[in-house]
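Hi,

Here is the structure I promised to pass on, with some notes on what turned up in it. Have a look at it first, then read on below.

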Amino acid sequence: MASHTLPRAAAPSRFRRAFPVPVWHVLRHLWVPLFLAAGMALAYVGAFSHPEPHHVDVAVVAPDAKAEVLAQHLQNQAGDRLDVRTVPARGEAEKLLRRGDVAAVYVPGAAPALIVDSVKSGSTVAETATKTFTPLATAQNAPLRVTDLGPIPDDDYAGGTVFFLLVALSLGGYTGAIAVAAAGAALSPWVRALLGLGLSLVTAIVTTVIAGPVAGAVHGNLTAVAAMGWIYASGVMLIGLGLHTFLGKVATPVLVGLFVMLNLTSSGGLFAPELQPGFFATLSDFWNGSAFVDAGRRILYQGGDGMARDVWTLVAWLAAGVAVLAASAVYERRAHRAHRPTPAEAETAVDRELDTVAVA
């Protein structure tokens, strides 16, 4: 009768043998909190510690040579903090401002004026523009008249309400994805997706109701805000479900990196992208958090004017989520797993995994 030699288990390394088994078990899991702490420090300190203007687009109404000279002087003084362009007429400059092509319009003359749009450009950019152009008016011994085409109500300081909604939706989206993926491991990817989309809808409704009727921070257009929240949270949910198939427990720090570290910092919720380092300003051009904040402010304060690009950005992220989920479904089908976890095993898995979720 043929004999078979069982393969020997790999001998533990000298470094591992230096620690008792319970201690080693703890040490091998410490990379997650260390990663989260270092990542949050890099993201938040890097994005918010030194807000200063970077290539803020402004227009100077220059119908004559004197105003052209003033605009050139302003550009020379500002350096790369401003990108100054000249426009022959005030009406044309206001069109650029309404489209979001410039962040502020300066009208020189006997009664110098500054025109801003706090909703489109952000209140921090409007404040920066006011500080920049006030000395020009002071030099002419004239007060600067500031007109805000899209003022944010006083009860929504710096437009922060939509940003805090983003925080809530992000937290619900990625933790929901982890819960559905872990607890629903015995289900097909598409059943998990349906459950995730339902959870995203409930999350969007609950957070909107809390922000609106409960807290009184959102006035009107609640349905549109909830709809944008559902699209956003669904994108986060589907991406999370798909990544969980490939990454397992490692999906938690990856999702925190995507939808907290990079997402909240580049959203423009606290500081406009023009006041952040170039990396975060670039992310804001296509990241889903920035699209949600911009769309939410336009819904609440400008009747949804100019939000088409933001909606398409959110839809693109949702489509990316569908693509990642489809890839994970193919992966699961080809893996031919011999064992699908029982409901009890799945419940134990989700309890353990949610213990690692960082609330940011």
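**A loop residue to start with**

His55 sits in the loop that links H3 to strand E1 (56-61). Please keep in mind that this is a predicted model. The backbone at His55 caught my eye: this residue is not a glycine, yet its phi is positive, at about 50 degrees. Is His55 buried or exposed? Neither label fits, because its relative accessible area is 44%, and values between 20% and 50% count as partly exposed.

**The chain as a whole**

Stepping back, the chain holds 16 helices and five strands. It has 360 residues, and 44% of them count as buried. Contacts reach far along the sequence: taking those between residues at least 6 apart, 74% join residues at least 24 apart.

**H3 against H11**

The loop with His55 follows on from H3, so let me turn to that helix, which is worth a look for how it packs. Helix H3 (residues 31-48) packs on helix H11 (residues 251-261) with an angle of about 15 degrees between them and 11 Å between their axes. How are H3 and H11 oriented to each other? They are roughly parallel, because an angle under 35 degrees counts as such. The crossing of H3 past H11 is right-handed.

On the H3 side, the contact is made by Trp31, Phe35, Leu36, Gly39, Met40, Ala43 and Tyr44. H11 contributes Pro253, Val256, Val260 and Met261. Sorted by class, the contact has ten nonpolar residues and one polar residue, with no charged ones. Gly39 is the polar one, because glycine is counted in that class.

**H8 and Ala179**

The other helix I would point you to is H8, which covers residues 160-183. Its 24 residues span 34 Å from the first C-alpha to the last, close to the 34 Å expected at 1.5 Å a residue. H8 is mostly covered, with 18 of its 24 residues buried.

Ala179 lies in this helix. Why does Ala179 count as partly exposed? Its relative accessibility is 23%, and buried would mean under 20%. Ala179 also has a partner to compare in your viewer: Leu241 is 62 residues away in sequence, while the C-alpha atoms of the two are 9.3 Å apart in space.

That is what I have for now. Happy to talk it through whenever suits you.

Best wishes

How values were computed
Residues are numbered from 1 along each chain as its sequence is written. This is a predicted model: local features need pLDDT of at least 70, side-chain atom pairs count only at pLDDT 80 or more; totals for chains, interfaces and linings use all residues. Side-chain values use heavy atoms; hydrogens and water are left out. Helices (H or I, at least four residues) and strands (E, at least two) are DSSP runs, numbered from the N terminus. Buried means under 20% relative accessible area, exposed over 50%, partly exposed in between (1.4 Å probe, protein chains only). The expected span of a helix is 1.5 Å times one less than its number of residues. Axes are lines fitted to C-alpha atoms, for helices over the stretch in contact, and angles run from 0 to 180 degrees between N-to-C directions. Angles under 35 degrees count as roughly parallel, over 145 as roughly antiparallel, 65 to 115 as roughly perpendicular and the rest as oblique. A crossing is left-handed if the near helix is turned anticlockwise from the far one by less than a right angle, and right-handed if clockwise. Contact means heavy atoms within 4.5 Å.
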